[in-house]
Amino acid sequence: MILGLFFTKGISLEIWIKKGIFKRETTIYNRLISEHFFKKIFWVTYSHKDKVLAKRLKEKGQISKEIEIIAIPKHLDFKLGHSLYSIICPIIHFKRLKTATLFKTNQMNGAWTGIIGKTLLKKPLILRTGYILSQLESVINTEKKIKNYIIKLIEKWCYKKANIAVVSSVHNKKYLINTHNIPEKKIKILPTFIDLDLFKCHQKTQRNQALLYVGRLEKEKNLFSLIRASAKSNLTLTIYGSGSLLAPLKQLANDLNTKVEFMGVAENTKLPHIFNRFQYYILPSFTEGTPKTLLEAMACGCICIGTNVVGINEIIQHKQNGFLAETTHTDSIYNAITDAVHWKNKQSIQKRAVNSIHTTYSLSKYLEEEKKLINRLCRRQ
């Protein structure tokens, strides 16, 4: 079999590397080829430089030689050109994509490329999303009603046209059924995976009695409330990540005269060491899909604190394998931090957290379920 994977619109191998998520994103596809499940995989990406970059990565053994890059033409490699390319891509690359057995998308933004390819080339399509775009936008951009309406229309069309929708959580499935009227039998819950050979708890490591956050510095992550809560707790807060809110977050920390360390982006392969240095990991988001950094932190034995919102409360059970703030407000986050700090039997929380990740989010389990799904879909055609 041959898979055609359509990258999220605007995303490239270069961006995966810059964001430090290259290994995390490529692991499954390298494994599917090494296990001879696919004989070839096309990656349809949004940088004209990706072919040259992929050649270097193959020479280093970082991606399989059977992964072929279908890169955007140089004259379309700009923001508006990406939008145009997302529509005409299946036409431009008709001959190569025709050889694929099936198609798959990586996120909703640009998923219409897969729908167009499915329709034009008569291939089955798996529409995979780590989070529901319209659900996220309705929380963080409530004032943009027209934009949110258009996103919902496109999203609904894509889900209706796809052969199967793969989501990472129960709340994502319920949202698609209730909001877009997608038939339940068309939706498959496939929880994301963690590389448990990489992300594991080092029992003898001395941990800092401090708070750690890893992720994007954007509105939906609720980081202003986090900084205010950490100031009240008198705990040091260390932040890894980048985003548009870096400057105002630094300003708030300075205004509050609280110790916040901004460390920039950390490569995914370096995160296990970072997680194992900290006692507490915190994710104060307004909403989430299935947050990988939370799963990785739990697998590494951090005492995890999150807000009681969709995407987090499916993973953390309050005072069982972590702690939940009742709301996304500063005081609630502070109270959850206080609960975690003063909890007497931290080892039981840590142990349950690690066990819950091993039970549900292993790479081997994900691969097994993905193979079953693809085999069933291809037999149907």
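## Where T258 sits

T258 falls in the loop that links helix 11 (246–256) to strand 10; helices (H or I, at least four residues) and strands (E, at least two) are DSSP runs, numbered from the N terminus. This is a predicted model, where local features need pLDDT of at least 70, side-chain atom pairs count only at pLDDT 80 or more, and totals for chains, interfaces and linings use all residues. Residues are numbered from 1 along each chain as its sequence is written, and side-chain values use heavy atoms, with hydrogens and water left out.

T258 has 16% relative accessibility, so it counts as buried (under 20% relative accessible area; exposed is over 50%, partly exposed in between, with a 1.4 Å probe and protein chains only). Setting aside neighbours within four places in sequence, T258 touches I227, S230, A231 and A253 (contact means heavy atoms within 4.5 Å).

## The sheet next door in sequence

Strand 10 belongs to an open sheet of 6 strands, ordered 10-9-8-11-12-13 with parallel pairing. Strand 10 (260–262) and strand 13 (323–325) are the edges: each has a single partner strand, so one side of each lacks a neighbour in the sheet. From one strand to the next, the twist averages 25°.

Strand 10 runs parallel to strand 9 (residues 237–240), joined by 3 bridges; pairing takes at least two DSSP bridges. L237 has V260 of strand 10 as its bridge partner.

## Helices across the sheet

Helix 10 (residues 223–233) lies across strands 8, 9, 10 and 11, at about 175° to strand 8. Helix 14 (residues 330–342) lies across strands 8, 11, 12 and 13, at about 160° to strand 13. Axes are lines fitted to C-alpha atoms, for helices over the stretch in contact, and angles run from 0 to 180 degrees between N-to-C directions.
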